[in-house]
Amino acid sequence: MTSIKFNEPYITDKEIEYIKDVFLERRFYGSGKYTHLCEEKICSITRSRNVLLTDSCTSALEIAALLLRDFSRRQEVIVPSYTFTSSASAFARAGFEIVFCEVNESDLMMDVEDVRAKITEDTVAIVPVHYGGLCADIERICELAKENNIFIVEDGAQAFGAYLGEKHLGTFGDFGCFSFHETKNVHCGLGGALVVNNQEFSEKARHIWERGTNRQEVLKGLADKYSWVEIGGSFYPSELQAAFLFAQLESIDENMSSRKQIYKAYQLGLADLRSLGKVWFPDIRDDYQTNYHAFFIIFDTELTTDNVRKFLLSKEVQAFIGYVPLHSSPVGLKMGNSPDSLPKTERIAKCILRLPLHNNMSASEAMRVCSIIGEYFDDK
Ligand SMILES: *Cc1c(COP(=O)(O)O)cnc(C)c1O
């Protein structure tokens, strides 16, 4: 019996070919041929017009934060506590006050009513996170933002290739941020993208991305002087990474269909345990096309979650816990949050188990994972 790893990076074998081409081009530093190819491809996949390739999703979030920051006043941003650190730290670093909100216990997405209750006159943005290949209640979040004149920065780090109706996740709000980290479906080691949906910000976004300069206008002959126009950063990847990513973007359909087999096997293999009430996993809306990024299950108690995880490990299956809430983390506490301020998040975060899902495993291996979980409950 072979062990089943939680994740294995996807490889198409074309990456190396394109990287060799970068050596022929002799243009390594980024914003070159492969960066542009990737941006075009990302535009077409996300059905959007304005994409900046970045070196991570964290960078994409940081650009969005800089774009919205007004250093002359207090500004708040509402972020779920159940998320990766970057969704909050990108904004904290730019000087925003972070207001953490709850997630729904059924699907781990931002609790819209809690967001509504936390809006103040200082609220500038909401950061919905599309977690685990599923989607936040983005339509209601958009309504709420519109009513209150607030921006939306979608953390779609895990949502590349996922659509709600005809629209790609990350294109509902003012900005969408994606990750091409090795642990995501499509990757280049480290990488990301910022989709600027609100055209008001498109020029400024490019300036921040280009280390605060107007270099793009100079290259296009629109400006004759190279100057410092914004407080920016070095946010884009090298051509080597872009070449790697381009190969991955080209084979997104094959990638997705192999993940789909595993995802379907989990849905099928755990259906009985779900109807017996032993495990829970959310239903997928009919109008939602997932990217099969992850498969997570929810148990009743922390003890069961931990026991199932250990039982799987004893059978050489790697399953991982979910996020540790941010509001009660060392940084969250330093910001003045109390651990019991978000009881739903505290409880549910301890009851999540993420199952292995990657392109090097088979549907029958996923079925094996389901049988092991079933075996655990047989004795109970
Ligand atoms: C992976 C991830 C990030 C960070 O992405 P990087 O590309 O590693 O910076 C941010 N938010 C969420 C929800 C993620 O899953």
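**Pocket, cavities and strand pairing in a predicted model**

By class, the residues that line the largest pocket comprise 15 nonpolar, 13 polar and four charged residues. The structure described here is a predicted model, and the pocket in question encloses about 670 Å³ of space. Its lining is made up of 32 residues, of which Gln158, His181, Thr183, Lys184 and Tyr323 are the closest to the centre of the pocket. Two or more residues of this lining come from each of the elements α3 (57–68), α4 (85–93) and β13, and α3 gives the most, with three residues.

In addition to the pocket, the structure contains two cavities of 30 Å³ or more. The largest cavity holds about 70 Å³ of space, and its lining consists of Gly132, Leu134, Tyr263, Gln267, Phe281, Pro282, Ala294, Phe295 and Phe296. At least two of these lining residues are supplied by α10 (252–269), and at least two by β11 (295–298). Seven residues of the lining are nonpolar and two are polar, whereas no charged residue takes part. The second largest cavity has a volume of about 30 Å³ and is lined by Ala157, Gln158, Ala159, Phe160, Ser179, Lys184, Asn185, Val186 and His293. Here the classes are divided into four nonpolar, four polar and one charged residues. Gln158 and Lys184, which belong to the lining of the second largest cavity, are also among the residues closest to the centre of the largest pocket.

Strand β5 (residues 151–155) is paired with two strands, β4 and β8. Strand β4 (residues 123–126) pairs with β5 in the parallel sense over two bridges, and within this pairing Ile126 has Ile152 of β5 as its bridge partner. The two strands are also part of a right-handed β-α-β unit, in which helix α6 (residues 138–148) is the helical element. Strand β8 (residues 175–179) likewise runs parallel to β5, to which three bridges join it, and Asp155 stands opposite Cys177 of β8. Four of the five residues of β5 are buried, each with under 20% relative accessible area, so that the strand is largely enclosed by the rest of the structure. Ser179, at the end of the range of β8, is one of the residues that line the second largest cavity.

A separate set of strands forms an open sheet of three members, in the order β11-β13-β12, with antiparallel pairing. Because β11 and β12 (320–321) stand at the edges and each has a single partner strand, one side of each is left without a neighbour in the sheet. Between β11 and strand β13 (residues 352–355), which run antiparallel, there are four bridges, and Phe296 has Arg354 of β13 as its bridge partner. Phe296 is also one of the residues lining the largest cavity, while β13 is among the elements that give two or more residues to the lining of the largest pocket.

Helix α15 (residues 363–378) includes Ala363, a residue that counts as partly exposed at 31% relative accessibility. When residues up to four places away in sequence are not counted, Ala363 touches Gln261, Ile262 and Ala265. Ala363 and Glu210, by contrast, lie 44 Å apart in space, C-alpha to C-alpha, with a separation of 153 residues in sequence.

Terms used: Residues are numbered from 1 along each chain as its sequence is written. This is a predicted model: local features need pLDDT of at least 70, side-chain atom pairs count only at pLDDT 80 or more; totals for chains, interfaces and linings use all residues. Side-chain values use heavy atoms; hydrogens and water are left out. On a 1 Å grid over the protein atoms alone, a cavity is a set of points where a 1.4 Å probe fits but cannot get out, and a pocket is an open set with protein on both sides within 12 Å along at least five of seven lines; lining residues have an atom within 4 Å of a point. Grid points are joined across faces, edges and corners, and a volume is the space filled by probe spheres set on the points. Ala, Val, Leu, Ile, Met, Phe, Trp, Tyr, Cys and Pro count as nonpolar, Asp, Glu, Lys and Arg as charged, and the others, Gly among them, as polar. Buried means under 20% relative accessible area, exposed over 50%, partly exposed in between (1.4 Å probe, protein chains only). Two strands pair if DSSP finds at least two bridges between them. A crossover is right-handed if, with the strands pointing away from the viewer, the path from the first strand over the helix to the second runs clockwise. Contact means heavy atoms within 4.5 Å.
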